[in-house]
Each structure stands twice: as structure tokens, then as C-alpha cells.
Amino acid sequence: MMTSDSATEGGAPATAMAAEIAEQPERLAALLQRADGGMFTAAADAVDVERRPFAMIAARGTSDHAAVYLKHLLEVKTGIAVALASPSVFTVHRRSLRLDGALWIAISQSGGSPDLVEATRSARASGALTVAVTNAAGSDLASVAHLALDVGAGPEHAVPATKSYTSELLACWLLVEAMAGRDGAGAADLPEMASAAVAEPVPADLVAGLRDAGRLLLVGRGYSYPTALEGALKLVETAHLAAQGYSGADLLHGPIGVVNAGDPALVIMPDGPGGASLVPVLTRLRDAKADLTVLGPRRPDGFGGRLVRTRAGVPEDLSAIAQIIPLQKLACELAQARGLDPDAPRGLAKITRTR
């Protein structure tokens with residue numbers, strides 16, 4: 001593992017975060033190989049989605065954005081209604097919910113946050129079928145759930161989560177594909193797509209432009225919305241940039257009014273209907289004279305600004321896995337440009353235990 005004391009060929013200090021970003025294609029390939037053994041099919045058979053009246057998903061931090069992704073996947077691909085859980089209902093207000101027959105999925109890299117463990121234990125006692133998605137097979141969360149899925153990302157040494165997040169996303173995708181009766185073959189090219197994203201340089205003018213910026217707006221819709229949220233979190237925690245992620249629809253319901261000329265805005269536009277739905281948002285940001293960046297395979301006709309190019313032809317439901325990688329790289333490089341250590345952001349620990 002590289003450390004912040006070593007140096008890259010270009011002279012910038014190497015970091016554990018950069019090494020873990022680069023490791024993602026290998027980890028995704030390993031998870032796909034394990035999926036061939038049938039663990040997601042077996043989990044889907046146990047879930048039997050046709051018997052579930054609804055689902056709830058519980059998570060914290062980065063895993064919360066995997067939960068937003070999973071919610072969209074489940075609703076689009078299976079038609080089951082999904083809610084995002086509030087663990088404080090169980091831990092602060094000491095309430096149980098009527099969950100007989102429901103599906104409960106808890107997502108956590110460490111599997112150790114007490115609120116998720118307690119909420120999952122309560123959900124199980126209230127009649128839900130409980131599933132834990134973790135990067136820690138022997139964790140407390142895995143032990144209290146009926147079913148546990150190990151994403152197998154391996155140890156993460158940098159505080160900001162990178163490879164564990166993309167592995168969570170792929171595990172969620174594989175589970176939902178199995179629940180929908182498919183074999184997951186649509187993700188066969190994902191490791192190569194991730195390799196291309198790792199190899200693509202972050203535009204130097206984007207890093208330079210954000211080095212002294214006060215804030216950044218990130219916008220997505222549908223499958224790209226969790227990417228906007230997670231990209232913002234990475235920039236906040238790693239580079240200490242006041243970044244905020246929005247749904248394109250929510251942005252137009254009020255927050256667009258605070259966008260001033262020259263304000264940086266990054267719009268995440270994968271191929272597919274979700275990406276296409278963001279064209280009106282781009283129009284409004286252009287009219288506000290924002291400093292526009294599009295992250296996607298192409299910039300729509302009629303729009304200037306910067307393009308952070310990602311691979312064309314990536315299925316929209318998998319785009320969240322490939323398109324977060326440029327934002328992880330941006331956070332890492334911007335932190336270094338600001339004189340910060342991306343491996344150990346101030347005030348943060350690798351495992352946060354909340355109640």
C-alpha cells in the first residue's frame with residue numbers, strides 16, 4: 001500500500017486514498033467473480049420480493065448514498081415501494097415499527113455503527129426479513145441480520161471511503177438483478193469501465209478553478225443523484241470544499257435562486273433518460289451564468305463549459321459506479337492542491353459510531 005510519505009512519478013505525494021481509488025477495478029472484478037458462485041441468487045430467493053409489501057433501507061454517511069442508489073434500483077427494477085429509514089426512531093425515540101413481511105436492508109462499510117445494529121435488530125424482531133450489506137463479514141450488523149452480504153472490498157486505510165462504496169453499489173445492483181430474475185451479466189464490462197475512469201486524468205483547470213472556490217454545486221437525477229451526493233461528501237470531507245449535492249428537480253424548486261454568475265456547478269449526466277432530464281437544469285444554470293462542468297460522455301449541444309469525459313454506452317443503472325471515480329480523484333487531488341492530507345481529514349475517523 002502506498003503511503004503519503006512516498007511520491008508519484010509526477011512528483012506529487014502518493015496517498016492511500018489514491019491507491020484505493022486505483023484498486024477499484026480489481027475489487028469490482030473480484031465481486032463479480034464471487035457473484036458467479038450464486039450468493040446473490042441465493043439471497044434473492046430468500047428475499048422472494050413478490051411476498052414483500054415494501055422495503056426499508058438504513059445507512060449512514062457514504063453508505064447513505066448507496067442506500068439512495070438501492071432505493072432507485074428497487075423501485076425501477078422490481079416495483080416494490082421503498083423508504084429510507086431513520087435509525088433515530090429506534091435509538092433516540094425508542095420506537096419499534098410495524099414491519100411484518102417487509103424487507104429491511106442495512107448498508108454499512110464497518111457494520112459497527114450502534115444505531116444501524118439496534119435498528120436492524122428491532123426490525124427483525126418486528127417481523128421484517130433483514131439483510132446486511134457490509135465490508136465486514138464478522139461485524140455486529142452482519143450477525144443480527146437474517147442474511148449478510150460481504151462486499152469484499154478489503155481493508156481501507158484512507159478515512160474517505162472509495163473502494164468500499166463502489167463495491168457496495170455493485171453488491172446492491174447484483175442483489176436487485178437477482179431479485180428481478182436476471183443473472184448480472186450486464187455488469188461484465190464494469191471493471192474495464194472502472195479502469196478507464198481511473199486512467200482518465202482530472203482536468204487540471206478544474207482542480208485549479210476549485211482550489212480557492214468557496215463552494216461547489218453538484219447536480220444529478222435518478223441514478224446520478226447518489227453520485228452528486230457522494231461526490232459532494234468526498235469534496236467536503238477530503239478537500240474541505242463547501243460542496244452540496246442536489247437532485248436536478250429539487251434544485252429548480254428554490255435553490256437555483258442562490259446561483260450567481262461565476263459560481264461553479266457540476267452536472268452529472270449519464271447516458272439514458274435520467275441524464276437527458278437534466279438538460280433543463282443545464283439551461284437554467286447557463287442562464288444564471290454559472291461556471292459549468294458536465295461529467296458524462298458528452299456535453300449537450302448548445303452548452304459551453306468544461307467536460308469531464310466518462311465512457312459512453314455505460315448502462316444508466318451502472319453509471320453511478322463508474323462516474324463516482326472521477327469525483328473521488330477530484331477530491332483527492334484538490335485536497336493536495338489545498339495543502340491537505342486526503343488520507344486523514346481533520347476531525348474524522350474511519351469508523352463513526354452514532355446512536
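Two strands pair if DSSP finds at least two bridges between them, where strands (E, at least two residues) and helices (H or I, at least four residues) are DSSP runs numbered from the N terminus. The model is predicted, which is why local features need pLDDT of at least 70 and side-chain atom pairs count only at pLDDT 80 or more, whereas totals for chains, interfaces and linings use all residues. Residues are numbered from 1 along each chain as its sequence is written, and side-chain values use heavy atoms, with hydrogens and water left out.

**Exercise 1**

Establish the strand order of the open sheet that contains β1, and identify the helices that pack on this sheet.

*Solution.* Step one is the order: five strands follow one another as β2-β1-β3-β4-β5 in an open sheet, and their pairing is parallel. Step two concerns the edges, where β2 (82-84) and β5 (147-150) each have a single partner strand, so that one side of each is left without a neighbour in the sheet. Step three is the twist, which averages 20 degrees from one strand to the next, angles being taken from 0 to 180 degrees between N-to-C directions of lines fitted to C-alpha atoms, for helices over the stretch in contact.

Step four looks at one pair in detail: β1 (residues 55-59) is joined to β2 in the parallel sense by three bridges, and M56 stands opposite A83 of β2. Step five adds the helices, with contact meaning heavy atoms within 4.5 Å. Helix α3 (residues 39-47) touches β3 (103-108), β4 (129-134) and β5, and its direction makes about 155 degrees with that of β5. Helix α6 (residues 114-125) touches β1, β3 and β4 as it packs on the sheet, at about 165 degrees to the direction of β3.

**Exercise 2**

Work out how β9 is placed in its own sheet, and determine which helices lie on that sheet.

*Solution.* The starting point is again the order, which for this open sheet of five strands is β7-β6-β8-β9-β10, with parallel pairing. The edge strands are β7 (242-247) and β10, each of which pairs on one side only, and neighbouring strands are turned against each other by 20 degrees on average, direction ignored.

The next step follows β9 (residues 291-296) to its two partners. On one side, five bridges join it in parallel to β8 (residues 264-268); A265 has L292 as its bridge partner, and I268 has L295. Towards β10 (residues 306-309), four bridges join the two parallel strands, and here L295 has V308 as its partner. Five of the six residues of β9 are buried, buried meaning under 20% relative accessible area (1.4 Å probe, protein chains only).

The last step is the packing: α10 lies across β6, β8, β9 and β10 at about 120 degrees to β10, and α15 touches β6, β8, β9 and β10, its direction making about 135 degrees with that of β9.

**Exercise 3**

Compare the residue classes that line the two cavities of 30 Å³ or more found in the whole structure.

*Solution.* The terms come first: on a 1 Å grid over the protein atoms alone, a cavity is a set of points where a 1.4 Å probe fits but cannot get out, and lining residues have an atom within 4 Å of a point. Points are joined across faces, edges and corners, and a volume is the space filled by probe spheres set on them.

The largest cavity holds about 60 Å³, and its lining includes D205, D291, T293 and R306. Two or more lining residues come from each of α10 (204-211), β8 and β9, with α10 giving the largest share, four residues. Its classes are six nonpolar, two polar and three charged residues, where Ala, Val, Leu, Ile, Met, Phe, Trp, Tyr, Cys and Pro count as nonpolar, Asp, Glu, Lys and Arg as charged, and the others, Gly among them, as polar.

The second largest cavity holds about 40 Å³, and L295, V308 and L330 are among the residues that line it. Helix α15 (residues 316-337) gives the most to this lining, three residues. The class count is nine nonpolar, no polar and no charged residues.

**Exercise 4**

Decide whether V219 and S319 are buried or exposed, and list contacts of each beyond four places in sequence.

*Solution.* V219 belongs to β6 (residues 215-220) and counts as buried because its relative accessibility is 0%. Its contacts include L266, V267 and I268. S319, which lies in α15, is also buried, because its relative accessibility is 3%. The residues that S319 touches are Y223, P270 and V314.

Conventions
Buried means under 20% relative accessible area, exposed over 50%, partly exposed in between (1.4 Å probe, protein chains only). On a 1 Å grid over the protein atoms alone, a cavity is a set of points where a 1.4 Å probe fits but cannot get out, and a pocket is an open set with protein on both sides within 12 Å along at least five of seven lines; lining residues have an atom within 4 Å of a point.
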